[in-house]
Amino acid sequence: MNKFIRVDGLTVPLDRANVDTDAIIPKQFLKSIKRTGFGPNLFDEWRYLDHGEPGMDNSIRPLNPEFVLNQPRYQGGQILLARENFGCGSSREHAPWALVDYGFRAIIAPSFADIFFNNCFKNGLLPVVLDAVSVDDLFHAVSATSGYRLVIDLEQQSITTPGGKRYSFEVDPFRKNCLLNGLDDIGLTLQHVQEIKDYEARRRLEAPWLFN
Amino acid sequence: MSIQTLYDKLWNSHVVREEADGTALVYIDRHLVHEVTSPQAFEGLRLAGRKPWRTGSILAVADHNVPTTDRTQGIADPVSRLQVDTLDSNCDELGITEFKMADTRQGIVHVVGPEQGATLPGMTVVCGDSHTSTHGAFAALAFGIGTSEVEHVMATQCLLMKKSRSMLVLVEGVLGKGVTAKDLVLVVIGKIGTAGGTGYAMEFAGSAIRALSMEGRMTVCNMAIEAGARAGMIAVDDTTIQYLKDRPFAPKGALWEQAVDYWKTLRSDEGAQFDKVVRFDAAEIKPQVTWGTSPEMVVPVDGSVPDPEKESDPVRRSSIEHSLKYMGLQPNTPITQIQVDKVFIGSCTNARIEDLRAAAGILRGKHVAPTVKLAMAVPGSGLVKQQAEREGLDKVFMDAGFEWREPGCSMCLAMNADKLEPGERCASTSNRNFEGRQGPASRTHLVSPEMAAAAAVAGHFVDVGKL
Ligand code: SF4
């Protein structure tokens, strides 16, 4: 997994609450059996004026100039600023895959949907929960200043604005460690093989019907 | 033993080890798999040279991409076909039980699991699908996971997670005429909001829940995720046990007796403490219709589309305005004046036998309105379809002008050929009314099977309580 230590990135404001996984990556793109290549279809229905299907040449599709990702000042964004309940809806990991494939490294929002939040960590994408007032302040600052960059430091658990203002955020210590070191969850769990086997042996006695 | 909630009991019996910070390794009893969220997990496993830990815990079925029309020709869309073929070959190669497209037992994964008795009380059940919460109706701890976790469970039979907070949703009283489990859960979502359950495991209890059939309970738990809760659950009672008896994967003989004794302990103890409790009076619940692009945007059928002018919170106001524009609705329009173009009865929320019976009950001797372009009934599984046909329900649907289809997810998410045309408005028994969910620029109104059937007949929404 990709490490996440510190990102100094251009910030893109997506000013909508309850952005769901269908909006992040529409279902026609879920037919892929790969993990990569979803970036060009991130927010497909908002980003393009026509209807997207797998296999289309996205470089020649008509762009929606209103949509934030299409505005010149936000090209190359690495940090997405969002509103509450970001990532609600389905469990599809295609949503974080698409965000990562596009180039995002972190998302800042007042709240996230559970499964999406979890999926982000598995893909080296840092979801940062910041209180709604601070997020609102950031939205104002981003739209007021072209080229607005934030520095997210995971080690320090801090976000620093160009003006030097610092916000601190919480992150689960276990997940933080995995991200900082790019650790693979499965490898970590397999260090406990014996405990899993012991548990299984006990359960076979207690609840044998589970092993039919 | 201390006083525990149902969630405590399910959690405690599955913790393999726990770190000081509360991160636990949780053992998974049942792993359900479908074609959309599994290919990358199988590939990851293969690339790492790993094998599934316990293939017997896995049950696979293709549901999202399968056609609901004649299947003898296979799947026309090559991309969809590749995804289903990939599931077939992964399962064949690893010796995983799979109900293939031609198998009568094929269907929507959340209909198939319980129907087979593959979902049992006291289990941890996972699937790479958010509506895995459905299985909590059996007092199982069931929740959706992402593809990395699908791979993790395959490789280790465990998941890394932290315990959620607990919420009790208490619904007392008797549901009125024409009011269903679907209406009940829509009211819950409307009240607490789509993020209201985030971070919680939600237990549904109270006399109104007890009175529901297993099908109804599954409808309720299915939509717990629409309230933000990864898991919904309901205690075991006689209804649960009766439903499971003689199901193919359920224990038999002495093991059955032993299991039942244990299952009867699967309820929250008297006096158990929850982090949050919300209460509802069943008698006050009316048939519901969503008007917007989030399941929380819901009103009773005798209500009206909301007026953004009356909303003081600016973020909420703009989200109402945005939804109304997308939905092509004017503020203050009475719900019963909304005309529908299509009607979809199906999905893991409402495509079980009882749902089809309920809809057929409305349709018997009636016909779909001429203004309705298409009405379709898509059974949740091949076995549901067979049962419905034994009862003659297929005739009722077809005589009324419905199309009677093969089982699958179908127009719930429109990944196969079943979709709405841009701008079309649908009365749907599914669970999500997100933008584009049923096709680009599609407009979805979530309702119960009875309400969908009644809308098909009238051409617009009607209060089934008054029929
Ligand atoms: S029926 Fe709909 S919600 Fe259920 S599993 Fe299929 S796509 Fe998902």
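**Figure 1. A:N85, a buried loop residue of chain A.** A:N85 is buried, with a relative accessible area of 2%. This is a predicted model. A:N85 belongs to the loop that runs between β2 (79-82) and α3 (94-102) of chain A. Its phi is positive, near 60°, and A:N85 is not a glycine. Most residues other than glycine have a negative phi.

**Figure 2. A:F43, a second residue of chain A with positive phi.** The phi of A:F43 is near 55°, in a residue other than glycine. A:F43 sits in the loop between α1 and α2 (44-47) of chain A. Is A:F43 buried or exposed? A:F43 has a relative accessible area of 1%, so the residue counts as buried.

**Figure 3. The residues around the ligand.** Which residues lie around the ligand? They are B:H64, B:I108, B:H110, B:D129, B:H131, B:S347, B:C348, B:C409, B:C412, B:L413, B:N431 and B:R437. This shell divides into 5 nonpolar, 5 polar and 2 charged residues. The ligand takes up the space of the largest cavity. One of the surrounding residues is B:C409. B:C409 is buried, at 7% relative accessibility.

**Figure 4. A salt bridge between B:R437 and A:D22.** B:R437 is one of the residues around the ligand. Its side chain meets that of A:D22 in a salt bridge, at 3.3 Å from N to O. B:R437 lies in the loop between β18 (425-428) and β19 (443-446) of chain B, and A:D22 lies in helix α1 (residues 21-24) of chain A, so the pair joins two chains. B:R437 is buried, with a relative accessible area of 4%. A:D22 is buried too, with a relative accessible area of 4%.

**Figure 5. A salt bridge between B:R50 and A:D184.** The side chains of B:R50 and A:D184 meet at 3.7 Å, N to O. B:R50 is in the loop between α2 (39-47) and β4 (58-61) of chain B, and A:D184 is in the loop between α6 (173-181) and α7 (185-189) of chain A, so this pair joins two chains. B:R50 is partly exposed, with a relative accessible area of 23%. A:D184 is partly exposed as well, at 37% relative accessibility.

**Figure 6. A salt bridge within chain B, from B:D269 to B:K9.** The two side chains meet at 2.8 Å, N to O. What does this pair tie together? B:D269 lies in the loop between α10 (253-263) and β12 (276-281) of chain B, while B:K9 lies in helix α1 (residues 6-12) of chain B, so the pair ties together parts that are 260 residues apart in sequence. B:D269 is partly exposed, at 23% relative accessibility. B:K9 is buried, with a relative accessible area of 16%.

**Figure 7. A salt-bridge network in chain A.** Salt bridges with shared partners join A:D15, A:R83 and A:D136 into one network. How many salt bridges are there over all chains? The count comes to 38. Side chains of opposite charge can pair when their charged atoms come close.

**Figure 8. A:C88, a cysteine in no disulfide.** Over all chains the structure holds 0 disulfides. For A:C88, the nearest cysteine sulfur is that of A:C120, 13 Å away. A disulfide needs two cysteine sulfur atoms within 2.5 Å, so A:C88 and A:C120 do not form one. A:C88 is buried, with a relative accessible area of 9%.

**Figure 9. Helix α5 of chain B, a mostly covered helix.** Helix α5 of chain B spans residues 147-156, and 10 of its 10 residues are buried. The buried residues include B:T147, B:E149, B:E151, B:H152 and B:M154. B:Q157 follows the helix. The phi of B:Q157 is positive, near 65°.

**Figure 10. B:Q337, an exposed loop residue of chain B.** B:Q337 counts as exposed, at 55% relative accessibility. B:Q337 lies in the loop between α11 (314-327) and β15 (342-345) of chain B. How far apart are B:Q337 and B:K466 in sequence and in space? They are 129 residues apart in sequence and 16 Å apart in space, C-alpha to C-alpha.

Terms used. Residues numbered from 1 in each chain as written. Chains lettered and ligands numbered in written order. Predicted model: local features only at pLDDT ≥ 70, side-chain atom pairs only at ≥ 80, totals over all residues. Heavy atoms only, no water. Near = heavy atom within 4 Å. 1 Å grid on protein atoms, 1.4 Å probe; cavity = no way out; pocket = protein on both sides within 12 Å on 5 of 7 lines; lining within 4 Å. Sits in = over half its atoms within 2 Å of the grid points. Nonpolar A, V, L, I, M, F, W, Y, C, P; charged D, E, K, R; others polar. Salt bridge = Lys/Arg side-chain N within 4 Å of Asp/Glu carboxyl O. Helix = DSSP H or I, 4+ residues; strand = E, 2+ residues; numbered from the N terminus. Buried < 20%, exposed > 50% of the residue type's maximum accessible area, 1.4 Å probe, protein only.
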